[in-house]
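This report describes two parts of a protein chain, a sheet and a pair of helices. Please look at the sequence and the structure before reading on.

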Amino acid sequence: MLLQVSNVTKSYGVNVVLSNISMQVQERERIGLVGVNGAGKSTLLKIIAGEMTADSGAIHKAKETKIGYLAQNSGLQSSRTIEAEMLAVFAHLLEAEQELRELEVKIADPALHDDEKKYTDILDRYAKRSDWFREQGGFEINTRINSVLHGMGFGNFPPDTLISTLSGGQKTRLALARILLQAPDLLMLDEPTNYLDIETLTWLESYLRGYSGAILVVSHDRYFLDALAQTIIEIERHTSKRYTGNYSRYMELKAAEYEITMRQFEKQQDEISRMEQFVQRNIVRASTTKRAQSRRKALDKMDRLDKPQGDLKKANFTFEIERSTGKDVLAVQDVSVTFPEKDSPIFRNVSFQLTRGETVALIGPNGIGKSTLLKVIVGQNEPTTGTVRFGTHVKVGYYDQEQTRLNGKNTVLEEVWGNYSHMEEARIRTVLGNFLFSGEDVLKRVSSLSGGEKARVSLAKLMLAQANVLILDEPTNHLDLFSKEVLEAALLDYEGTLLFISHDRYFLNKMAERIVELKPTGTDHFLGNYDEMIEKKIEIEEARLEALSKQATRSKSTAISDNAPASSYEADKQAKREERAKQRKLEQLEQEIASLEQQITELEVQLTDPSIFNDYIRIQEIQAVIETRKASLAAAYEDWEQYM
C-alpha cells in the first residue's frame, strides 16, 4: 500500500465538503476520482498532497513514497528555457555525471598512481557511482525528455524557447510533461486532459497505462477514464464509495446497486405496511391482542432501511427553435486566415457545407485555428480570402469556450435577464433553476463563478435564444460528467443544425454524424463519428502502404496509363519516393541513435574495468571516444527532430 486516507473531513464554515473520507492506493493502481463540480475532488487531492489541512482524519504513507501532484490548470511558471527546465528534473543525475567526469580525470592523472590506496578508493567510488548512475537511468535522460516533449506537443519547439513566452495552455502541458519526467511513486493529476488535443490525449493514455507508479486522477473525460482507470472512487454527498472497473463499469454497477437497494427498501415498506394494518385491525380484539402487540414490538425493533437517494439534481434544459432554416444552411468556400504578425496563413483552402439538421464536428490539433474559423463563420473575424455564406432563415447561436461574452460585473440573474429583458423575472429564474442556480445563487457575480458555473450560464443564454443553428466551441469543457450527459441529451433532441469543436472523444462518438478535420492546407472529410473516422484512417494508411509496396515491385517498364498525364504520374511517383526516403532516413537515424547510446554505455562501463585501472593512456583514449560519440548522438537527435 502506497497511501491510506482515514476519515478525512473538511468544511468551509458551515458548508461540509468532505465527511469521513477513507480510501487506499496500492502500487501501480489506476484510480479515477469522479463526482459533480464542487463535490470536493480537488480539495481531497490538495489534502493528500499536503497543500491543505483537513479538519480531522489522517493521511498515512511510507517515508520513501514520493507523491507528485499537478493541480488543475496549473501552468508552469519559470524563467528558464524548455530544455533547462526539463533537465532540472534530473539535477541529481547530472551532478552524478559531473562527478564521474571529474573522477575520470583523476583516474587518468599519472600522479595519482603513486598513491595506491587513494587510487583504489577513487576507482571504487567511480565503480559505485557509475553503477548507481546506470540503474537510475542516467544514460536515458535525453531520450526520456525528447519522448515526453514530443508526446506532449513540444517536438517542434526549439530547446531554447523561454517558458515565459508560452501561452497558458502550453504552460499547463509543459507542467504535465515535467511531472511525468519526475515519475513519482504516486502521480496525482487534477483534470490533466484540459488543453490537450486528441493526438496528445491518445499519447498520454498510452504513457500512463505503462507508468510504473500508481495514478490518482480527477477527470471528466469518460473516454480517458475508460481507457485508463481500473478503479473508480466516487465522491457524492460529501462521502466516498469505491467501484472496481473503469468508468463505464462504474455506471453499470451504480445503476444495479440503486435498483437492488430500492427493491429491498420497497419490500421492507410493503412488509411494514402489512404489519401496521394487522396491528390496527387486531389490537382491540381480545382474541388477537397478544398477536397484535407482538407485531407492534417487532415493528419497533425493526432496522428500517433508508430510501435510496438516487441521482443528484441535474440541470434540465432543451434547445428549441422558432422556425426551420432552408435546406442549405452554410457554405464555407476557400477560406484562409493570416494573422498580422504571421507571414503565412494558419490555414487555407477551407471548404465545407452544412445542410439542415446535420450534426458536424470540427476537429484538429491545438493551434491549427479551429476557434478562429468559428469566429470567422459567426462574423467576429474576417477571412483573409474566401467566403462564408448562410442560407435562408438562419438564426445562429454561438457558444464561446473562453466565455468572453459574459460580463463579470453582472450577477447571474442580470447576465441572463439583460439579454432577454422582455421576459418576466419569474421565467428567467425558472430557467436558471433548471441550470442549478436557485435561491441566492442567482445573485452571485459572474466573475466569482467556477468554470462549470460560467458554462451553465452561457448554456442558459443559448437555450433562450431559440437559434436554429448552434455553433459550439468546446461545449463540454468545465462541465462535470453529469452535466455532459444532460447537454448530450438536449443536443440529441435538437431539431436544428449543429457545428461544434470538441476534443472529448466520447462526446464526438455520441454526437458527430460527420467530421471535418482542419489542416494547414485545407480539410479532410469523414462520414460517421470519431471511432469510425479512426477506422477509415487506418484503412487509408493500409491502402497507401499496400500501393507503395506494389509500386516498389512493379517493373520499371510498366506502361503508364493513358488516362493519367505523364507529368501527374511523375509528380506522384516523386512524392512517394520522397516519402520512402524520409521513412528510411528516420529508421536509419533511430538505429544510429540506439547504436550510439549503446556504444557510450559500453565505453563508460569499460572505464570501471579493473584491468585498465593503471592504464591512464587507455582511459584517456576511451574518454576521447566517449566525447566524440556524444557529439554524434546530439547531431543525430537534431536530424531526427527535423524529420519528425
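In this predicted model, Val 5 stands opposite Ile 59 in strand E4. Strand E1, which covers residues 3-12, is joined to E4 by 5 bridges, and the two strands run antiparallel.

These strands belong to an open sheet of 3 strands with the order E2-E1-E4 and antiparallel pairing. Its edge strands are E2 (15-25) and E4 (56-61), each of which pairs on one side only. On average, neighbouring strands of the sheet are turned by 20 degrees against each other, direction ignored.

A helix is also part of this picture. Helix H1, made of residues 41-49, lies across E1, E2 and E4 and runs at about 120 degrees to E1.

The second part concerns two helices further along the chain, H9 (residues 247-282) and H10 (residues 289-301). Their axes come within 9 Å and cross at roughly 145 degrees. The crossing of H9 and H10 is left-handed. The residues that make the contact are set out by helix in the table below.

| Helix | Residues in the contact |
|---|---|
| H9 (residues 247-282) | Ile 272, Met 275, Glu 276, Phe 278, Val 279, Asn 282 |
| H10 (residues 289-301) | Thr 289, Arg 291, Ala 292, Arg 295, Arg 296, Ala 298, Leu 299 |

What kinds of residue form the contact of H9 with H10? They divide into 7 nonpolar, 2 polar and 4 charged residues. Among those listed, Phe 278 and Val 279 come from H9, while Ala 298 and Leu 299 come from H10.

Terms used. Residues are numbered from 1 along each chain as its sequence is written. This is a predicted model: local features need pLDDT of at least 70, side-chain atom pairs count only at pLDDT 80 or more; totals for chains, interfaces and linings use all residues. Side-chain values use heavy atoms; hydrogens and water are left out. Two strands pair if DSSP finds at least two bridges between them. Helices (H or I, at least four residues) and strands (E, at least two) are DSSP runs, numbered from the N terminus. Axes are lines fitted to C-alpha atoms, for helices over the stretch in contact, and angles run from 0 to 180 degrees between N-to-C directions. Contact means heavy atoms within 4.5 Å. A crossing is left-handed if the near helix is turned anticlockwise from the far one by less than a right angle, and right-handed if clockwise. Ala, Val, Leu, Ile, Met, Phe, Trp, Tyr, Cys and Pro count as nonpolar, Asp, Glu, Lys and Arg as charged, and the others, Gly among them, as polar.
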